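Me: Please take me through the charged side-chain pairs in this structure. I should like to see the reasoning behind each label.

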Amino acid sequence: MKTPFCELCPSVMLARDGTESRTFRDEYGGDHVLLLQRYYCPCCRERYIERPDCLEKGKLYLKWIIDKVRLGDSKFELFLQCDTSTIYRWKNG
């Protein structure tokens, strides 16, 4: 397992600080929950969440779904179970 490190200070001695549940949505509109490990840096007192590559910070949908819409796959957009305003934000934001 890769040792987590602090992004603000040179400390590599991060302590585990519990877990956080994160809900994400798949391409069919189904909701799923992941438990993400939370870390605490005793030097600068910052908290970090170990987030997998498939999730973007602050996004409900999986990263590959957002990337596919951003690339302009119009057939996939029709199949996707989400609002048109969400798709618009992904393309223009």
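Reply: The answers below concern salt bridges in a predicted model.

Me: Why is the contact between E20 and R38 called a salt bridge?

Reply: The cut-off is 4 Å between a side-chain nitrogen of Lys or Arg and a carboxyl oxygen of Asp or Glu. For E20 and R38 the N to O distance is 3.9 Å, so the pair meets the definition.

Me: What makes E20 and R38 a link between parts of the chain?

Reply: E20 belongs to strand β1 (residues 15–25) and R38 to strand β2 (residues 31–40), so the salt bridge ties together parts that are 18 residues apart in sequence.

Me: Why is E56 called buried, and what is the label for R70?

Reply: Buried requires a relative accessible area under 20%. E56 has 17% and therefore counts as buried. R70, with 39%, is partly exposed. These two side chains form a salt bridge at 3.5 Å, N to O. R70 lies in helix α1 (residues 63–70), whereas E56 is in the loop between β3 (47–49) and α1, so the pair connects parts 14 residues apart in sequence.

Me: How do you know that R70 also pairs with D67?

Reply: The closest N and O atoms of R70 and D67 are 3.9 Å apart, which is within the 4 Å limit. Both residues lie in helix α1, three residues apart, and are separated by about one helical turn.

Me: Which residues are joined into one network by salt bridges that share partners?

Reply: D17, E20, R38 and R47 are joined in this way.

Conventions: Residues numbered from 1 in each chain as written. Predicted model: local features only at pLDDT ≥ 70, side-chain atom pairs only at ≥ 80, totals over all residues. Heavy atoms only, no water. Helix = DSSP H or I, 4+ residues; strand = E, 2+ residues; numbered from the N terminus. Buried < 20%, exposed > 50% of the residue type's maximum accessible area, 1.4 Å probe, protein only.
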